Every structure is written in structure tokens, then in C-alpha cells.
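Let's take a walk through a protein model together. Keep the picture open and follow along at your own pace.

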Amino acid sequence: MSDMRVMVIQQGARRNYTYARQLEAAGLLHSVVTDAAWPESGPGLAGRLAIGLVPRLSRTLGRRTVHGVPGVRLRASALPNLASLSRRIVHEERAYAIADEALALANRWRGLDGASIVVNYQGNGGSFLDYAKRKGAKIVTDFIITPKYLEIERDEQARWPEWEAHVTPQAVIDFYRRRVSHLVQISDVYLCPSQAVVRDLAELPGFVADRVRVLPYGVSGMALHQGVPVPGRVLFAGAAGLRKGLPYLANAATVLKRVRPDVQIVVAGQVADTVRERPEVRDLTFLGVLDRQQMADEFARADVFCLPSLAEGSATSIFEALANGLPVVTTASSGSVVTDGVEGFIVPERDGERIAKAILAIVSDRAKRMSMSQAASATAQRYGDDACGEAFVAAIKDLDGRGA
């Protein structure tokens with residue numbers, strides 16, 4: 001193998017800097033380029049001063065600590081964080097692009113500095129990716145979510161008017177589509193967390209099937225608690241919005257209340273007051289935003305996990321549910337590794353009746369529930385950090401000396 005050196009570019013602490021750690025362990029990491037972050041030794045003088053002036057920043061210290069990577073390989077800049085304030089005056093997708101350009105600017109003066117591969121999440125790094133491509137580097141892009149998610153959101157907003165505060169404009173959808181289409185064209189490898197992402201990515205111009213590598217994210221750094229499931233307690237975790245299929249989950253709760261009033265669907269995550277107040281959700285129980293400990297407790301208490309999502313990459317919450325031995329009821333668009341009838345059920349999208357039927361089949365048959373629980377735990381073990389890391393590193397090494 002040649003002297004392969006891999007630069008990772010990412011905004012935020014996505015997946016706890018997993019790619020950087022895995023590459024470092026394999027001896028392949030050149031650097032990790034990101035916004036505000038610190039090595040394990042702690043923040044530098046500027047970081048300590050910022051925390052002194054704004055004490056609440058200390059809460060981000062743990063999340064923004066890059067473990068397993070020497071400080072010399074960390075290229076962190078607060079410029080993208082400042083640029084992200086642009087979301088106050090422009091739509092969110094353009095604000096993401098502005099922050100990516102700020103990260104490009106912060107890294108451009110150093111250039112590739114010997115890196116031969118650049119790994120990025122969904123275009124993080126902006127025009128630096130084009131620069132790296134012109135300089136001969138290979139571009140590996142992790143497409144973290146289906147490229148159609150904004151279109152799906154808008155369709156749901158039309159189906160369920162007044163559930164959300166705004167309707168996604170066509171101009172925003174077009175802007176996002178152009179960005180993702182450009183990524184498809186310049187990327188040598190498409191890392192896709194699920195076949196659901198591949199399916200929608202294939203509709204974009206310039207898509208090359210041979211560039212696809214399907215690499216599920218798996219379970220990373222979550223706390224598992226021993227607990228006794230509460231029979232009939234169904235957990236949903238995530239931002240409770242239209243894209244996650246909330247109206248259909250609410251419909252399932254109403255159906256279940258008629259036939260099994262002891263079954264309770266609880267929703268852990270952010271939810272707008274306007275949604276809480278809607279009559280359609282009266283049979284859901286909203287827990288609000290929970291901290292890490294509280295969330296672990298909820299997974300330990302749950303009997304079934306349900307995520308009827310319409311657009312994901314590969315929902316992390318489902319991996320967490322599997323790791324906790326929970327049978328899962330979900331859709332194909334959640335991008336999960338669940339096999340229908342094994343670790344749970346795959347149900348059609350936008351079908352509250354089928355969601356309710358699947359939940360009922362699990363909670364009413366304790367032997368089936370036990371079998372699915374055991375299968376869930378076994379599947380989670382196949383998608384741990386080590387296994388997923390080995391698959392990722394193998395995909396990177398496969399780029400050595402070959403075209404995409």
C-alpha cells in the first residue's frame with residue numbers, strides 16, 4: 001500500500017468524530033478539519049478564555065473533545081461557528097453552505113499538505129473539496145441522509161397543513177439539490193448508510209453506481225442500562241416532526257387505544273407546542289427532551305421501539321434500540337438494518353393502521369417479543385464500532401492505486 005494519508009472534514013461532533021478515530025487507529029489519518037473542538041488534553045488558551053466568559057460553553061466541552069486523535073492532527077477553527085449565525089437571515093440550507101465555506105477558508109491556506117484522500121460529511125468543506133479534487137486528491141463523501149428529504153418534508157407539510165411553522169420553499173429544495181448533485185459528480189466514493197439513501201441518490205445526474213459503498217453507522221458510545229421492560233410501553237425517540245412520521249404514529253396510538261388501552265406510545269424528543277396541542281396527537285404521551293441518563297432509562301423501560309420515519313440516512317435511534325434488545329417497528333425509509341419479521345417489522349410508510357397492527361403483534365405475543373429481542377441484540381453486536389470501523393477503513397484502503 002502506498003503512503004495513503006486521509007484528511008477528514010466535518011462540521012460539529014457528528015458521530016463523536018468516529019471516522020477520525022478509526023483512521024488514526026489504522027495509521028491512515030492525516031488530519032481532522034472541523035469547527036470548534038479540542039483534543040483530549042483540553043481546550044487551548046482561547047478556549048479557556050471563552051469558557052470563562054461564557055460558562056455554559058463548558059457543557060459543549062465533552063461533546064467537542066476529539067478522543068483518540070493526537071492534538072497535532074486536529075485543525076479546529078471557530079470561523080464556521082461564527083458563520084453559522086447567518087441562519088438568522090438566510091434559510092438553513094444556505095447557512096450550512098456558508099459555514100462550509102468558512103471551514104474551506106480556514107483550511108485553504110494549509111492546503112492538502114500531503115493528504116491524498118479527503119473524507120467529508122455531506123459536503124462539509126465546501127469549495128475546499130473542489131480544490132482538493134483539482135490537486136489530485138480523491139473525495140469520499142458520506143451522504144448522511146436521503147437527498148429527497150426536503151421534498152418529502154414539503155409533501156408532508158401539504159398533507160398536514162399548520163403542523164409546522166413553515167412550508168419548505170421550492171427555491172430551498174432546488175438549492176439543496178444542486179449542492180448534492182455537485183457532490184455526486186466530484187466524489188470518487190459515495191458512503192451511504194443505507195440502501196434507502198442509495199435509492200434516492202441514484203436519481204441525481206452524474207450518479208455512478210460503482211462508486212457506492214453501503215456502510216451502516218452502527219452503535220457508537222451509548223450507555224446501556226439493565227432494566228425491566230414495561231409491557232406495552234412503546235418508545236419513539238427523535239425530533240417529533242412530520243419527516244419522522246408523527247401523524248401516523250399518532251394515528252396508531254388512537255387505533256391501539258381502542259383495542260388495547262394498556263399500550264402506551266411515549267415520545268422522547270423535541271416537539272413544538274403547536275404539535276402538542278393538536279387533537280390528532282391526544283393519545284401520545286410527550287416526555288420532552290431528555291438528557292443522556294434519562295434517555296438510557298427510557299430505552300431500558302421500553303417494550304418496543306417505533307420510528308415510522310419517511311426520510312433518514314440510517315436512524316441512530318434504531319441502532320440504540322437494537323443494542324437495548326428492543327423489537328423495532330419502522331419503515332424502509334428509516335435506513336435501518338432491521339429484517340422484517342426478525343428484529344421487528346418493516347411497515348409501509350404513512351399507514352397508522354399497519355403500525356398499530358405490528359406493535360400489537362409484538363406486545364400480544366411475549367414469545368415473539370422475546371425472540372425478536374434476542375435477534376435485536378445479536379444484530380446490534382454485528383454493527384458495533386469495531387465491525388463498522390473495519391468496513392470503513394477497508395473502503396478507504398480500496399481507493400489505494402485505483403480509480404473510482
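Start with Leu85, which is partly exposed because its relative accessible area is 45%, and partly exposed means between 20% and 50%. You'll find Leu85 in the loop between helix H4 (79–83) and helix H5 (92–108). Together with Leu79, Leu82 and Leu105, Leu85 forms a nonpolar patch on the surface, and the four share about 390 Å² of accessible area. One thing to keep in mind as we go: this is a predicted model.

Now look for the sheet. It's an open one with six strands, in the order E12-E11-E10-E13-E14-E15, and the pairing is parallel. Which strands stand at the edges? They are E12 (284–288) and E15 (344–346); each has a single partner strand, so one side of each is left without a neighbour in the sheet. On average, neighbouring strands here are turned by 20° against each other, ignoring direction. And what holds strands side by side in general? Strands of a sheet pair through backbone hydrogen bonds, either parallel or antiparallel.

Zoom in on one pair. Strand E13 (residues 304–307) runs parallel to strand E14 (residues 328–330), and three bridges join them. In one of those pairings, Leu307 has Thr330 of E14 as its bridge partner. Helices pack on this sheet too. Helix H10 (residues 246–259) touches strand E10 (233–237), strand E11 (264–268), E12 and E13, and its direction makes about 155° with that of E11. Helix H12 (residues 292–301) also packs on the sheet, touching E10, E11, E12 and E13, with its direction at about 140° to that of E10.

Next up are the charged pairs. How many salt bridges does the structure hold? There are 21. Take Arg75 and Asp113, whose closest N and O atoms are 3.2 Å apart. Arg75 sits in strand E5 (residues 74–76), while Asp113 is in the loop between H5 and strand E6 (117–121), so this pair ties together parts that are 38 residues apart in sequence. Is Arg75 buried or exposed? It's buried, because its relative accessible area is 12% and buried means under 20%.

Arg243 and Glu153 make another salt bridge, with 3.4 Å between the closest N and O atoms. This one links distant parts of the chain: Arg243 is in the loop between E10 and H10, Glu153 is in helix H7 (residues 149–159), and the two are 90 residues apart. Both Arg243 and Glu153 are buried.

Compare that with Glu349 and Arg350, whose side chains meet in a salt bridge at 3.4 Å, N to O. Glu349 counts as partly exposed because its relative accessibility is 30%, and Arg350 is partly exposed as well, at 31%. Salt bridges with shared partners join Glu349 and Arg350 with Glu156 and Arg159 into one network.

Last stop: the backbone. Most residues other than glycine have a negative phi. Tyr17 isn't a glycine, yet it has a positive phi of about 60°. Tyr17 lies in the loop between strand E1 (6–10) and helix H1 (18–25), and it counts as buried because its relative accessibility is 0%. Gln122 is another non-glycine with a positive phi, about 50°. Look for Gln122 in the loop between E6 and helix H6 (127–134); Gln122 is buried too, with a relative accessible area of 13%.

Note on methods:
Residues numbered from 1 in each chain as written. Predicted model: local features only at pLDDT ≥ 70, side-chain atom pairs only at ≥ 80, totals over all residues. Heavy atoms only, no water. Pairing = 2+ DSSP bridges. Helix = DSSP H or I, 4+ residues; strand = E, 2+ residues; numbered from the N terminus. Axes fitted to C-alpha atoms, helices over the stretch in contact; angles between N-to-C directions. Contact = heavy atoms within 4.5 Å. Patch = residues over 30% accessible without salt bridge, like charges linked within 9 Å, V, L, I, M, F, W, Y side chains within 5 Å. Areas by Shrake-Rupley, 256 points an atom, 1.4 Å probe, with all protein chains shown as cover. Buried < 20%, exposed > 50% of the residue type's maximum accessible area, 1.4 Å probe, protein only.
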